[in-house]
Amino acid sequence: MFKREDGFFVGAILANVVTTELIILVVYMICLLTIRQRDQLILTILFLVGVSFPLAFYHHSWSFWLGFDYFVESLPRYVEGAPE
């Protein structure tokens, strides 16, 4: 059975958190440019983005992390005659 070691997907969690923070920052900048004097509305929008985006991006961050791991480490190459 294929199973990664304990703690492998901490990188996926990190990717999810960092991406969420960047999205919140972008949404905040857009809100500052478009919504005037509505602090409560801006906070509500940011809260909704901060709760919903990580849930929606969860599986994508795992895929991203697996792809990154494959890119960095790749799969072991099969060498004919080498012990398995």
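This is a short tutorial dialogue on reading a predicted protein model.

Q: What kind of model is this, and how are residues numbered?
A: This is a predicted model, where local features need pLDDT of at least 70, side-chain atom pairs count only at pLDDT 80 or more, and totals for chains, interfaces and linings use all residues. Residues are numbered from 1 along each chain as its sequence is written, and side-chain values use heavy atoms, with hydrogens and water left out.

Q: How many helices and strands are there?
A: Helices (H or I, at least four residues) and strands (E, at least two) are DSSP runs, numbered from the N terminus. Here there are 2 helices and 0 strands. Helix 1 covers residues 10-34. Helix 2 covers 39-73.

Q: How much of the protein counts as buried?
A: Buried means under 20% relative accessible area, exposed means over 50%, and partly exposed is in between (1.4 Å probe, protein chains only). Of the 84 residues, 18% count as buried.

Q: What area does the protein expose, and which atoms supply 68% of it?
A: Accessible areas come from the Shrake-Rupley method with a 1.4 Å probe; for residues, only the protein chains shown count as cover. The protein exposes about 7300 Å². Carbon and sulfur atoms supply 68% of that.

Q: Which residues make up the largest nonpolar core?
A: A nonpolar core is a set of buried Ala, Val, Leu, Ile, Met, Phe, Trp, Tyr and Cys residues joined through side-chain atoms within 4.5 Å. The largest one here has 6 residues: Val-27, Cys-31, Ile-35, Ile-42, Leu-46 and Val-49. Helix 1 and helix 2 each supply at least two of them. Helix 2 gives the most, with 3 residues.

Q: What is Cys-31 in contact with, beyond its neighbours within four places in sequence?
A: Contact means heavy atoms within 4.5 Å. With those neighbours set aside, Cys-31 is in contact with Ile-42 and Ile-45.

Q: What share of the contacts with a separation of 6 or more comes from residues 24 or more positions apart?
A: Such pairs account for 70% of those contacts.

Q: Where is Asn-16, and is it buried or exposed?
A: Asn-16 sits in helix 1. Asn-16 is buried because its relative accessible area is 8%. Leaving aside neighbours within four places in sequence, Asn-16 is in contact with Pro-54, Phe-57, Tyr-58 and Ser-61.

Q: Which backbone oxygen lies 3.3 Å from a polar atom of the Asn-16 side chain?
A: A polar contact is a pair of N or O atoms within 3.5 Å. Within protein, one must be able to donate a hydrogen and the other to accept it, and residues adjacent in sequence count only if both atoms are side-chain atoms. The oxygen in this case belongs to Pro-54.

Q: What does the side chain of Thr-20 reach?
A: Thr-20 is also a helix 1 residue. Its side chain reaches the backbone oxygen of Asn-16 at 2.7 Å. Thr-20 counts as buried because its relative accessibility is 8%. Outside four places in sequence, Thr-20 is in contact with Gly-50, Phe-53 and Pro-54.

Q: Which residues does Trp-65 touch, not counting those up to four places away in sequence?
A: Trp-65 lies in helix 2 and touches Phe-8, Phe-9, Gly-11 and Ala-12. Trp-65 and Ala-12 are 53 residues apart along the chain, yet their C-alpha atoms are separated by 5.2 Å. At 22% relative accessibility, Trp-65 counts as partly exposed.

Q: Where is Gln-37 found?
A: Gln-37 is in the loop between helix 1 and helix 2. Gln-37 has a positive phi of about 55°, although it is not a glycine. Gln-37 counts as exposed because its relative accessibility is 78%.

Q: Which residues form a nonpolar patch on the surface?
A: Patches are made of residues with over 30% relative accessible area and no salt bridge (a side-chain nitrogen of Lys or Arg within 4 Å of a carboxyl oxygen of Asp or Glu). Like charges are joined within 9 Å, and nonpolar side chains (Val, Leu, Ile, Met, Phe, Trp, Tyr) within 5 Å. This patch holds Leu-14, Val-18, Leu-22, Leu-25, Tyr-28, Met-29 and Leu-32, with about 620 Å² of accessible area together.
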